[in-house]
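Reader: I would like to learn how to read a few features of a protein model. Can we take them one at a time?

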Amino acid sequence: MISVLLLSHNYGKYLPDCLNSIINNNNSLIGEIIIINDKSTDNTKEIVKKYMLSNSKIRYFETEFLSLAKSYNFAVSKSKFKFITKVDADDTWEKDFVSSFFNELKKNSYDLIFGNLNLINKSGEFMSLKKQKKSYINSYIKYPHGSGTIYKKDLWKRIKGFDENLKYQDDYDFWLKIKKLKDVKIGYYSKQGYNYR
């Protein structure tokens, strides 16, 4: 099963769409939804508490890191399942993201899988398709977007998580450290399952 990590800092206006897209995916594959409210001053807490009334898989934490890297490391440390996926609170998933990507990962024994992205505007309307290439697998310079991937929690442990000294490019650093591991099988799936705002 999969641990879904969701980080929010003042993204209350987008959070319902994000949560609905997660809940509308294959619930049998999702073991938990870990929501990190990183010092939000909007209505993030109230929205999450409302969803918790009808979804027992949601686990809610409040932090004051104001740091993506620290928040994601904290979220992974709290996760209970073998596989991890993260979603930004202003983004959404396609309805078959979890089932299609996870099945592809399991079928090919991948340690990490990534695919293409739908680029959406502030209103949530489709703008264009961003193809993330299979050649990224063999590249250090080009790397897939950090969200919209599914990977083994063991990868995070082996590279000791996200570098908390970085304020930017934490996804790139994460990718570089994974690429340096010799026995990791990375897969590209030519399908778009993640909607990036």
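Author: We go through a helix, a pocket, some ring pairs and a single residue. Keep in mind that this is a predicted model.

Reader: Take the helix first. Which residues of helix H2 are buried?

Author: Burial is judged by relative accessible area, with under 20% counting as buried. In H2, which spans residues 44–52, the buried ones are Thr 44, Ile 47, Val 48 and Tyr 51. They lie on the same side of H2, because their arc around the axis is only 95 degrees. Glu 46 and Lys 50, on the other side of H2, are exposed.

Reader: What covers the buried residues of H2?

Author: The cover includes strands S1 (2–8), S2 (30–38) and S3 (58–63), as well as helix H1 (15–23).

Reader: Now the pocket. How is empty space found, and what volume does the largest pocket have?

Author: A probe the size of a water molecule is rolled over the atoms, and this shows where empty space is left. Here the largest pocket has a volume of about 800 Å³. It is lined by 34 residues, and the closest to its centre are Leu 68, Tyr 72, Asp 88, Lys 167 and Asp 170.

Reader: Which helix gives the most to that lining, and what classes of residue are found there?

Author: Helix H3 gives the most, with 4 residues. By class, the lining has 13 nonpolar, 9 polar and 12 charged residues.

Reader: How do I read a pair of aromatic rings, and how many aromatic pairs are there?

Author: Two values describe such a pair: the distance of the centres and the angle of the planes. The count comes to 14 aromatic pairs. One of them joins Phe 83 and Phe 102, edge-to-face, at 5.0 Å centre to centre with 80 degrees between the planes. Phe 83 belongs to strand S4 and Phe 102 to helix H4, so this pair ties together parts 19 residues apart in sequence. Phe 83 is buried at 4% relative accessible area, and Phe 102 is buried at 6%.

Reader: Why is the pair of Tyr 151 and Phe 174 called tilted?

Author: Their planes stand at 55 degrees, with the centres 5.4 Å apart, so the pair counts as tilted. Tyr 151 is in strand S8 and Phe 174 in helix H6, 23 residues apart. Ring pairs also link these two with Tyr 72 and Phe 162 into a cluster.

Reader: Last, a single residue. Is Tyr 136 buried or exposed?

Author: Tyr 136 counts as buried, because its relative accessibility is 11%. It sits in the loop between strands S7 and S8. Among the residues that Tyr 136 touches are Phe 114, Trp 175 and Lys 179.

Definitions and conventions: Residues are numbered from 1 along each chain as its sequence is written. This is a predicted model: local features need pLDDT of at least 70, side-chain atom pairs count only at pLDDT 80 or more; totals for chains, interfaces and linings use all residues. Side-chain values use heavy atoms; hydrogens and water are left out. Helices (H or I, at least four residues) and strands (E, at least two) are DSSP runs, numbered from the N terminus. Buried means under 20% relative accessible area, exposed over 50%, partly exposed in between (1.4 Å probe, protein chains only). Contact means heavy atoms within 4.5 Å. The arc is that of the directions from the helix axis to the C-beta atoms. On a 1 Å grid over the protein atoms alone, a cavity is a set of points where a 1.4 Å probe fits but cannot get out, and a pocket is an open set with protein on both sides within 12 Å along at least five of seven lines; lining residues have an atom within 4 Å of a point. Grid points are joined across faces, edges and corners, and a volume is the space filled by probe spheres set on the points. Ala, Val, Leu, Ile, Met, Phe, Trp, Tyr, Cys and Pro count as nonpolar, Asp, Glu, Lys and Arg as charged, and the others, Gly among them, as polar. Rings of Phe, Tyr and Trp (its six-membered ring) pair if their centres lie within 6.5 Å; planes under 30 degrees apart count as stacked, over 60 as edge-to-face and the rest as tilted. Lists of a residue's contacts leave out its neighbours within four places in sequence.
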